[in-house]
Amino acid sequence: MNSDNSNSIESVLQEQRVFSPSDDFASKSRISSFSRYLEMSEMAKSDPNKFWGDAAREELHWFKCFEKVLDWSNPPFAKWFDGGKTNISFNCLDRHLSSSIADKVALIWEGEPGDQKKYTYKQLHKEVCKAANALKSIGIGKGDLVALYMPMVPEAAIAMLACARIGAPHSVVFGGFSSEALRDRLINGEAKAIITADGGFRKDKVIPLKDAVDCALEGDSCPNVESVLVVQRTKKTIAMDKGRDYWWHEIVDSQSEECLSEEMDSEDCLFVLYTSGSTGKPKGVVHTTAGYNLWSHLTFKWIFDIRENDVYWCTADVGWITGHSYIVYGPLSNGATTVMYEGVPRPSKPGAFWDVIQKHKISIFYTAPTAIRAFMKTGKEIPDQYDLSSLRLLGTVGEPINPEAWIWYRDVIGGGKCPIVDTWWQTETGGVMISPLPGATPTKPGSATFPLPGIEADVVNSDGESVPDNEGGYLVVKRPWPGMMRNVYGDEKRFRESYWEYLKPTDNKYIYFAGDGARRDEEGYFWVMGRVDDVINVSGHRLGTMEIESALVSHESVSEAAVVGRPDDLKGESIVAFVTLKTGAEANKNIDAQLKKHVVNEIGPIAKPDEIKFTDALPKTRSGKIMRRILRALASGDEISGDTSTLEDRSVLDKLRN
């Protein structure tokens with residue numbers, strides 16, 4: 001949305017269904033009523049320093065307690081829990097060892113070919129200490145950045161915790177990235193070491209990770225990298241550079257099982273995680289120790305209503321922020337049992353997820369709307385073959401979920417009994433910002449509902465002024481929160497301009513701009529409408545692409561849809577829809593006409609697509625997000641520019657071009 005255009009976004013697809021928590025679920029929940037949620041939110045708003053300070057003292061271990069809760073004297077650069085000393089590895093492991101949690105299963109790992117491992121908190125602590133000592137033995141110390149380029153194996157989580165233990169920031173690069181994308185991140189982050197594997201299993205194939213590392217390090221392209229630590233996963237023959245490369249099992253297994261945690265300042269860097277920009281190089285998002293620890297801990301506890309006997313599974317990869325916050329740090333800090341799965345559903349094993357749920361009696365399941373829509377495409381027959389009765393809570397993450405996908409998820413996977421927490425957040429926020437609390441919040445399909453306690457979210461115009469109910473605008477956060485990013489690595493200017501100076505409020509206060517558009521309905525529910533550049537201006541009407549997509553997906557023949565705008569001399573922009581049909585539906589003129597009529601019936605003539613392009617698949621990132629800017633370029637006949645390193649399957653792009 002540009003400031004010289006109307007700030008309103010048409011919102012005409014209304015969702016009226018409301019699902020309240022059952023009395024039974026609410027009675028057992030940590031936050032058991034909406035009035036309690038409102039009370040917590042008011043406490044955070046009226047005295048934020050007390051709210052956050054009390055939470056930090058109660059929920060975390062401190063070697064030395066902080067002197068000041070928040071220093072916001074130099075916005076947008078925040079200092080949280082200044083003067084405090086802590087360690088997130090200690091908070092995830094050591095503090096549990098003196099309780100009954102010590103012998104509780106901390107991590108369940110399910111490998112792609114079917115192998116399995118389980119670690120208690122006591123066992124995981126020993127493995128992390130050995131890995132930390134191994135890192136020290138190859139010259140890694142406090143402040144040295146270590147890159148991780150790994151499959152979804154236990155060593156990935158162990159390596160993250162080991163780095164945090166000795167004060168070495170980690171930078172996890174998703175194992176599906178190319179060697180070029182890896183090289184860019186190694187250079188920008190000035191990595192001193194890399195932890196990788198000989199390969200990994202994905203979709204019945206071996207991904208040659210070590211080969212990609214060797215390619216990234218060719219010549220003198222990454223002069224800071226001194227060591228490469230290699231996990232033996234596939235046992236494929238690989239090249240090992242003597243003096244640089246070390247086998248994990250040879251160097252880690254012989255180490256001591258004791259390693260004291262480094263006492264870290266609250267604002268010491270914990271990790272750098274790269275997120276793609278629409279143009280230019282990826283951004284290295286910097287997160288620090290104490291604030292991130294608290295926010296990932298609290299949000300996991302609140303949103304997933306974690307209980308002693310829960311078995312929790314987030315299907316993300318640790319290469320993404322979701323894997324950081326809600327596979328590793330949030331669950332372990334809370335003493336939960338967390339599941340890692342190396343595989344993904346695929347034609348040879350379409351019921352892979354349901355098999356894991358049945359085998360490990362998963363009670364909390366957290367996945368992406370993209371995955372849910374893919375499951376819808378193949379129908380309920382596959383999940384119906386499995387026992388999913390252990391589930392008590394479902395979650396979604398990564399992008400807004402269409403109402404029809406939400407209902408399918410609730411009814412088919414949750415058996416109509418599981419609350420759904422539809423979570424909105426970003427790499428930059430460190431943890432979830434807007435979400436239902438499952439025992440407290442009445443939910444509306446497709447809405448992330450309300451900001452969490454302590455998060456002052458708003459929908460504003462380009463002057464930073466709140467817009468009326470049901471009028472779209474910019475989604476912003478008006479106050480600092482502990483899990484907020486602290487900088488873009490090596491690029492303070494980009495940090496200021498991208499997140500804090502994009503909008504110019506009349507009072508000159510700094511507000512965080514998320515890059516997303518949203519609306520708030522008359523009951524205060526937030527509806528995230530996608531990136532602000534996913535808004536189409538048709539004859540002066542500003543339409544959120546999310547709502548047109550939801551209308552298309554609500555048709556019985558449609559599995560998935562992505563809508564973009566194309567320049568139009570008459571209307572400003574025309575609407576182009578890329579549609580994937582369900583199995584058995586045929587792309588032809590008849591279905592084209594049906595879908596256009598369906599959108600008119602659901603929204604109105606102004607939202608009728610000018611063109612529908614049928615495709616077997618949509619271009620997605622490896623975390624499952626549709627890359628709409630690529631679709632915009634294709635629809636307009638433009639060259640595709642910007643960072644495409646996150647694209648999962650380049651063959652999809654080639655097919656769309658043709």
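Which residue follows helix 14 with a positive phi? That would be Gly 415, where phi sits near 60°. Keep in mind as you look around that this is a predicted model.

**View 1. Helix 14 is mostly covered.**
Helix 14 runs through residues 403-413, and 9 of its 11 residues are buried. The buried ones are Pro 403, Ala 405, Trp 406, Ile 407, Trp 408, Tyr 409, Arg 410, Val 412 and Ile 413. So what's doing the covering? The neighbours over these buried residues include helix 12 (352-360), helix 13 (369-378) and helix 16 (545-553). Strands join in too, among them strand 18 (364-367), strand 19 (393-396) and strand 20 (420-422).

**View 2. Here is the largest nonpolar core, with 149 residues.**
Phe 81, Phe 304 and Tyr 329 have the most contacts inside this core. Helix 6 gives the core its largest share, 10 residues. A second, separate core has 30 residues, including Ile 372, Ala 405, Trp 408 and Val 412. You've met some of these already: Ala 405, Trp 408 and Val 412 are buried residues of helix 14.

**View 3. Zoom in on Tyr 329 and the residues it touches.**
Leaving out residues up to four places away in sequence, Tyr 329 touches Ile 88, Cys 92, Met 160, Leu 161 and Ala 164. Tyr 329 also touches His 170, Leu 270, Tyr 292, Ser 296 and His 324.

**View 4. The largest cavity holds about 50 Å³ of space.**
How do you find a gap like this? Rolling a probe the size of a water molecule over the atoms shows where empty space is left. The structure has 3 cavities of 30 Å³ or more. Residues lining the largest one include Asn 87, Ile 88, Cys 163, Ala 164, Met 264, Leu 270 and Thr 289. Helix 6 (154-166) and strand 14 (269-275) each supply at least two residues of this lining. By class, the lining has 8 nonpolar residues, 3 polar ones and no charged ones. Ile 88, Ala 164 and Leu 270 might look familiar, as Tyr 329 touches them.

**View 5. The second largest pocket has about 500 Å³ of space.**
This pocket is lined by 25 residues, and those closest to its centre are Ser 41, Lys 45, Gly 454, Ile 455 and Glu 456. Helix 2 (34-46) and helix 3 (48-59) each supply at least two lining residues. Helix 2 gives the most, with 6 residues. Sorted by class, the pocket's lining has 15 nonpolar, 4 polar and 6 charged residues.

Methods: Residues are numbered from 1 along each chain as its sequence is written. This is a predicted model: local features need pLDDT of at least 70, side-chain atom pairs count only at pLDDT 80 or more; totals for chains, interfaces and linings use all residues. Side-chain values use heavy atoms; hydrogens and water are left out. On a 1 Å grid over the protein atoms alone, a cavity is a set of points where a 1.4 Å probe fits but cannot get out, and a pocket is an open set with protein on both sides within 12 Å along at least five of seven lines; lining residues have an atom within 4 Å of a point. Grid points are joined across faces, edges and corners, and a volume is the space filled by probe spheres set on the points. Helices (H or I, at least four residues) and strands (E, at least two) are DSSP runs, numbered from the N terminus. Ala, Val, Leu, Ile, Met, Phe, Trp, Tyr, Cys and Pro count as nonpolar, Asp, Glu, Lys and Arg as charged, and the others, Gly among them, as polar. Buried means under 20% relative accessible area, exposed over 50%, partly exposed in between (1.4 Å probe, protein chains only). Contact means heavy atoms within 4.5 Å. A nonpolar core is a set of buried Ala, Val, Leu, Ile, Met, Phe, Trp, Tyr and Cys residues joined through side-chain atoms within 4.5 Å.
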